Every structure is written in structure tokens, then in C-alpha cells.
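Let's take a friendly walk through a protein model together. Have a look at the picture first, and then we will go through it step by step.

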Amino acid sequence: MAAVMAARDIEVAAPEQLQEPPTLSDKSSEADGESQQLDVEAEAQLPPQRLILVVMVCMIQGYTLIGPLQHSFKVQMKIGDTGDVAHVFTQAAALVQWGKFAMTLGQNVLLACLCPMQRVFLAMVGMMLGCLIPPFFVYALGSTWLGWVFISFGLIGLSLGIFECTFLNVITPLGPLTKSYAIMGFPAAFAIINVLGMSIVSCGVPVHALFWYIV
């Protein structure tokens, strides 16, 4: 009986003895996992950088030129609501969406030589130039050249395509709270221009003042 019990003990102990001790790579993987978890928790505790909201609002306000301000732009260009010229104006305004689509997908090829931060600055310059065209060339100088519409909306679309995804990538190390403030910039920008701004214009403020504010 004692021999049988000893044999059973050997059988139970054998699998435990056959288990290999954790290797150095296993320990390294566990350490990396713990380190990544700590990094995530540390980022979640980072305080929000609220100034990011201002940056996002300033950029997205350029997007609002294809809202109610688009009609004011058309009127100042002396373009009616119907006809061939009106159709061309509408197609020019569509460049905002086409440009945004093209640069969202193609910036890693076309702008491969630029780092993400440089792309953000490039987008800011492009947005400023695109938004400057209506108040300066059309309202201030009185030009009705249809090419300004293509240049303005084209620059705005390309700049948005570069900026939106790249900027969110750049601010990721600042933590999720900061990114939430950046995301709030989208509705805030449209509310400032399309609600508050147009309400001020309805009270008698010239609409070109709103264009200059966006710049």
C-alpha cells in the first residue's frame, strides 16, 4: 500500500516538475505590459490643457464658410441663386469636402517630408489664407473674379484635411481630457458663427465683420 501511495505522489508531482520556469522574454513581456498600463493610467490623470479648445475653434470656424456665410459670399460676388455661374459657385464650394477628403487620405504621401507638428502649422497657414480671401479681395477690394471662390474653398478644404486627424494625433500625449476639449471645439465653432455671429449680423453688424473675425 505504501508503494502505491508513493507512486501516486510521484505521478502528481511529475507534471509540476515538468513545468518550465518563466523565461527572460516572458518576464520582459509582463514588465512591458505593466509599464504600458501605468503609462495609460498616468495619461488619464493628466490635467486638461483648455487652451486647445481655442485652437480648435479658430480652425473649425473656417469650415463655417460653407454654412450661412456661403450665401453672403455669393451675394457679394453678384451671383444669383440660379444659372450657370451659380452652379459653378456651388461646385467651387464643394472643394471644401473634396480637399478635406484628399488630404485626409493623401497627406502621408504628399507631406511625407513634414513631421506632424509641421503639418499642423501648414494647415493653420492654409486656413488663414483661405479665410482671408473673401473679406480682403471680395469685400474690401470689390473683386468679383470667380477664381477667388475656388482658391478660398480649396485652401480651406485642404487645410481641414491636414489638420483634423493630425492635430488630434499631436495632442494625444496630453491625455484624454485635453483631447475631449479639442473635440468640443467642433460644435463650439459652429455655434459661435452660425448662431451667435449670425444673430449679431441680424442686429445690423456688417457681415464682412464676421468674415474678418474668422481670419
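What percentage of the 215 residues in the chain do buried residues make up? Buried residues account for 33% of them. Keep in mind as you read on that this is a predicted model.

Now trace the chain from its N terminus. You will pass 10 helices and zero strands, so the order of elements reads α-α-α-α-α-α-α-α-α-α. How do parts of the chain meet? Take the contacts between residues at least 6 apart in sequence: 81% of these join residues at least 24 apart. On the outside, the accessible surface of the chain comes to about 12,600 Å², and carbon and sulfur atoms contribute 68% of that area.

Let's pause at one helix, α8, which covers residues 147-170. Its 24 residues, at 1.5 Å a residue, should span 34 Å, and the C-alpha atoms at its ends are indeed 34 Å apart, so the two values agree. There is still a bend to look for: α8 has a kink of about 25 degrees, centred on F163. As a general reminder, an α-helix has 3.6 residues a turn, so residues three or four places apart point the same way.

Finally, turn to the cysteines. The count of disulfides is zero. C113, for instance, is in no disulfide, because the nearest cysteine sulfur, that of C115, is 9.9 Å away, while a disulfide needs two sulfur atoms within 2.5 Å. C113 is also exposed, with a relative accessible area of 68%. C203 is exposed too, and its relative accessible area is 70%.

Notes: Residues numbered from 1 in each chain as written. Predicted model: local features only at pLDDT ≥ 70, side-chain atom pairs only at ≥ 80, totals over all residues. Heavy atoms only, no water. Buried < 20%, exposed > 50% of the residue type's maximum accessible area, 1.4 Å probe, protein only. Helix = DSSP H or I, 4+ residues; strand = E, 2+ residues; numbered from the N terminus. Contact = heavy atoms within 4.5 Å. Areas by Shrake-Rupley, 256 points an atom, 1.4 Å probe, with all protein chains shown as cover. Expected span 1.5 Å × (residues − 1). Bend = angle between axes of the 7 residues up to and from the residue.
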